[in-house]
Amino acid sequence: MDKTATPGVAIVSSKQGKAEFKVYGYADVDQKKQVTEESLFELGSTTKAFTALAIILLQEEGALAYSDYISDYLPWFAPTYKGEKTKISINQLLAHTSGIPSWSIRLIPEGITEEMLGTTIHKISDIALDTYPGTEHQYATVNYDILAKIIEQVTGISYQDYVTQHILVPLGMTDSYFSTGQEKKPDQLTQGYRVFFGKSLAYNAPRYYGNIAAGYLVTNIKDLEHWINAQMGISDVPDNLKNAIQQSHEVDIRAAGYVAKNQYYSFGWNNDRVNRVISHSGSNPNYSSQVIIDLERQEAVFVLANLNSTAPSLIAKNKYEQMNGNPMHTFKYDDSYIIIDLVSSFLVLLAAIGITLKVIKLAGGKNQNIIDENARRGKRIRARITLLFRPLLLVLVLIWPYLLNYNYNMISVWMSYSVLLSMGLAAISCMLSIILACINCSCLKKSCYKSII
């Protein structure tokens, strides 16, 4: 937790039905509020298994079929592949084999009103697919938002009401709810955080109702005990729900998303068919989670954190190893969130030093009356090189997010504050270098003219 700047963590583990709860750190650092077993966290993408389970329930009722197309329920949904309109089926959404690109997450508009789910789906309705539906696995969070809209079309009620009535309540998950941004925050809700210069800062992230089915279930480890035990078949669950849960663990390799050898994505789970282990990680801008469930050994661990970091994944994997008598792994500084923040923080310092030196030059001026012709020529060449490459660097600094299919909004919401700060300071440094080079060129020309006179 210290090495990833994670303020608070809650862990539930279960072995053959015997649960253990562990809590560490702060639910709110400023208020010195400790994490408890009742502390609530946003799940992030581990919400997807709940959404998939709702689809299975509706399929069992005959309300829909996995082979149905999105357009059967949303006629205006018409994506294209290589310029031609094509259709995506429900089972392709479930397996992330729809062909919808992963970067489509940046198309989800901010907003908390009920129509935002429909607005989100309309926004991507004519999206150009990366691959033909059903051919390749590419994780795209909006696949599950589309499933939520289909659930609403079929049931006539909101997605969150259906999942609450048919999954959360029957499982006894009475503290859990879907965060829409409109509800009153309960006292048990932890404060979310964001990393900056190696430290965590309180961060109230923007709300995206359109992404509710893919990341906005709020819960605690007491409720998650019911969830993981239900997955392992060792709790009292209504028969229809029990059968649906068992189906969610089955992998039809013809429809599942192929991730790696013996690893498939199916029904909201990463599924290891050989070892019968299901798992999933979750990330929201200011929360993260990780679940690992060994269906064969009836062992499970679910970790929650109030910072978007790899801490839950590292902790869950080590806890799972410990439960099986294996040695745990020491922390390595290969955490992507830490690396991005460290690199950006270092660039901030470099840019700040460079700006300071350039401002001093501009403020104090510099004698350009160079008599030696070779020195003058060298300085003129350096100034011209600066005028050639600094504008290119400036453009690169400003457009690199778009080259990676990001945008400034994605960076401002998901990444460390240091990323945007380093970009801003780098842009200022480039502009100051260009100004200095222009001044140098101008002064050198005047100096040359005076020497001729």
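This is a short tour of two cavities, a small group of strands and two loop residues in a predicted model.

**Stop 1: the largest cavity**

Start inside the protein. A search of the whole structure turns up two cavities of 30 Å³ or more, and the largest holds about 140 Å³ of space. To see its walls, select Ile105, Arg106, Ile108, Tyr208, Asn211, Tyr216, Asn284, Pro285, Asn409, Met410, Val413 and Trp414. Colour them by character and you'll get eight nonpolar residues, three polar and one charged.

Which helix gives the most to this lining? Select residues 408-414: that's helix α13, and it supplies four residues. Now colour by domain, with domain 1 as 2-324 and domain 2 as 336-447. Each of the two domains puts at least three residues into the lining of the largest cavity.

**Stop 2: the second largest cavity**

Next, pick Thr4, Val195, Leu307, Asn308, Ser309, Asp335, Tyr337 and Ile338, which line the second largest cavity. The space here is about 30 Å³. Its lining splits into four nonpolar residues, three polar and one charged.

**Stop 3: a three-stranded sheet**

Switch to a cartoon view and find β4 (41-42), β7 (177-178) and β10 (residues 217-219). Together they make an open sheet in the order β4-β10-β7, and the pairing is antiparallel. Strands β4 and β7 are the edges, each pairing on one side only.

Zoom in on β7 and β10, which pair in the antiparallel sense over two bridges. What stands opposite Phe178 in β10? Click across from Phe178 and you'll land on Leu217.

**Stop 4: two residues with positive phi**

Now for a pair of backbone details. Select Lys32, in the loop between β2 (18-28) and β3 (33-34). Its phi is near 55 degrees, a positive value in a residue other than glycine. Is Lys32 buried or exposed? Turn on the surface: Lys32 counts as exposed because its relative accessible area is 55%, and the cut-off for exposed is over 50%.

Finish at Asn405, which sits in the loop between α12 (373-403) and α13. Asn405 also isn't glycine, and its phi is positive too, near 65 degrees. With a relative accessible area of 31%, Asn405 is partly exposed. From there, follow the chain into α13 and you're back at the helix that gives the most to the lining of the largest cavity.

Definitions and conventions. Residues numbered from 1 in each chain as written. Predicted model: local features only at pLDDT ≥ 70, side-chain atom pairs only at ≥ 80, totals over all residues. Heavy atoms only, no water. 1 Å grid on protein atoms, 1.4 Å probe; cavity = no way out; pocket = protein on both sides within 12 Å on 5 of 7 lines; lining within 4 Å. Points joined across faces, edges and corners; volume = space filled by probe spheres on them. Nonpolar A, V, L, I, M, F, W, Y, C, P; charged D, E, K, R; others polar. Domains from an automatic or database assignment. Pairing = 2+ DSSP bridges. Buried < 20%, exposed > 50% of the residue type's maximum accessible area, 1.4 Å probe, protein only.
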